[in-house]
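I opened my notebook to get to know a structure that was new to me. These are my entries, in the order in which I looked things up.

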Amino acid sequence: MWLYLVVLMGLYYLLHWYRERQVVSHLRDKFVFITGCDSGFGNLLARQLDLRGLRVLAACLTEQGAEQLRNQMSDRLQTVILDVTKTESIAEATEWVKEDVGDRGLWGLVNNAGILLPAAPNEWQTKDDFSKILNVNLIGLIEVTLSFPPLIRKTRGRVLNVSSPARRVSLFGGGYCISK
């Protein structure tokens with residue numbers, strides 16, 4: 001019995017050691033597109049990936065957020081203005097990414113854009129309050145994801161949809177819980 005346990009633990013640590021040793025090569029040639037980079041997790045992720053050498057294409061909602069991010073990071077990081085609730089804005093950002101990455105493809109798409117407010121008890125909210133959150137957190141995510149498959153397939157890349165622990169707890173009500 002103890003021998004089986006020791007062997008099982010040994011295999012676990014061997015697998016863990018092997019997975020930790022794997023390294024992604026040629027990071028300077030890989031492009032990652034991140035939505036919602038004005039502040040918060042998207043901003044932090046864009047900074048971290050830029051510091052690691054990846055080519056970051058950061059989508060910000062405001063020009064102020066884009067300029068602030070651009071001024072603080074290297075030339076590898078580029079910004080674009082993107083409102084995920086507007087189809088025209090998504091189409092323009094998609095074309096910008098296609099021109100920028102060319103035949104190299106997109107190694108990663110991080111859907112991070114999202115909003116929490118308005119958050120209040122359901123009785124205090126209107127249908128438009130729910131729609132506002134769902135359009136950003138759910139419909140915008142779907143539309144952005146559907147615009148990039150050809151670029152992601154070129155590199156066998158990945159799509160990462162950022163969620164939130166608050167999705168599991170409906171403290172106030174509203175559209176946030178159902179959108180995440």
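**Entry 1, the largest pocket.** I began with helix α2, which gives the most to the lining of the largest pocket, namely three residues. I should say at once that I am reading a predicted model. The elements that give two or more residues to this lining are α2 and β2. I then looked up the volume of the largest pocket, and it comes to about 510 Å³. Its lining counts 25 residues, and those nearest the centre are Gly36, Asn112, Ala113, Gly114 and Ile115. By character, the lining of this pocket splits into 12 nonpolar, 10 polar and three charged residues.

**Entry 2, the whole chain.** Next I stepped back to take in the chain. I counted seven helices and five strands. Following the sequence, I noted the pattern α-β-α-β-α-β-α-β-α-α-β-α. The C-alpha atoms fill a box of roughly 60 × 45 × 30 Å along the principal axes. Of the 180 residues in the chain, 36% are buried. I also looked at contacts between residues at least 6 apart in sequence, and 60% of these join residues at least 24 apart.

**Entry 3, the sheet.** In what order do the five strands form the sheet? I read the order as β3-β2-β1-β4-β5, in an open sheet with parallel pairing. The edge strands are β3 (78–81) and β5 (158–161), each of which pairs on one side only. On average, neighbouring strands of this sheet are turned by 15° against each other, direction ignored. I added a reminder for myself: strands of a sheet pair through backbone hydrogen bonds, either parallel or antiparallel.

**Entry 4, strand β1.** I zoomed in on β1 (residues 31–35), which pairs with β2 (residues 55–60) in the parallel sense over five bridges. Two positions helped me line up these strands: Phe31 stands opposite Arg55 in β2, and Ile34 stands opposite Ala58 in β2. Is β1 largely enclosed or exposed? Five of the five residues of β1 are buried, so this strand is largely enclosed by the rest of the structure. Phe31, Phe33 and Thr35 point one way from β1, while Val32 and Ile34 point the other way.

**Entry 5, helices on the sheet.** I came back to α2, now as a neighbour of the sheet. Helix α2 (residues 40–51) packs on the sheet and touches β1, β2 and β4 (108–111). The direction of α2 makes about 165° with that of β1. Helix α3 (residues 63–72) lies across β2 and β3, and α3 runs at about 180° to β3.

**Entry 6, the cavity.** How many cavities of 30 Å³ or more are there? I found one cavity of 30 Å³ or more. The largest cavity has a volume of about 40 Å³. I wrote down its lining residues: Thr35, Val84, Asn111, Asn112, Ala113, Val136, Gly140, Leu141 and Val144. Thr35 was already in my notes as a buried residue of β1, and Asn112 and Ala113 had come up near the centre of the largest pocket. The largest share of the cavity lining, four residues, comes from helix α5 (residues 127–146). This lining divides into five nonpolar, four polar and no charged residues.

**Entry 7, Glu92.** I picked a residue from helix α4 (residues 87–101), and it was Glu92. Is Glu92 buried or exposed? Its relative accessible area is 57%, so Glu92 is exposed. I also looked up how far Glu92 lies from Ile81: they are 11 residues apart in sequence and 9.2 Å apart in space, C-alpha to C-alpha.

**Entry 8, Arg156.** My last stop was the loop between α6 (149–155) and β5, where Arg156 has its place. Phi of Arg156 is near 55°, a positive value in a residue other than glycine. Arg156 counts as exposed because its relative accessibility is 72%, and exposed means over 50%.

Methods. Residues numbered from 1 in each chain as written. Predicted model: local features only at pLDDT ≥ 70, side-chain atom pairs only at ≥ 80, totals over all residues. Heavy atoms only, no water. Pairing = 2+ DSSP bridges. Axes fitted to C-alpha atoms, helices over the stretch in contact; angles between N-to-C directions. Contact = heavy atoms within 4.5 Å. 1 Å grid on protein atoms, 1.4 Å probe; cavity = no way out; pocket = protein on both sides within 12 Å on 5 of 7 lines; lining within 4 Å. Points joined across faces, edges and corners; volume = space filled by probe spheres on them. Nonpolar A, V, L, I, M, F, W, Y, C, P; charged D, E, K, R; others polar. Buried < 20%, exposed > 50% of the residue type's maximum accessible area, 1.4 Å probe, protein only.
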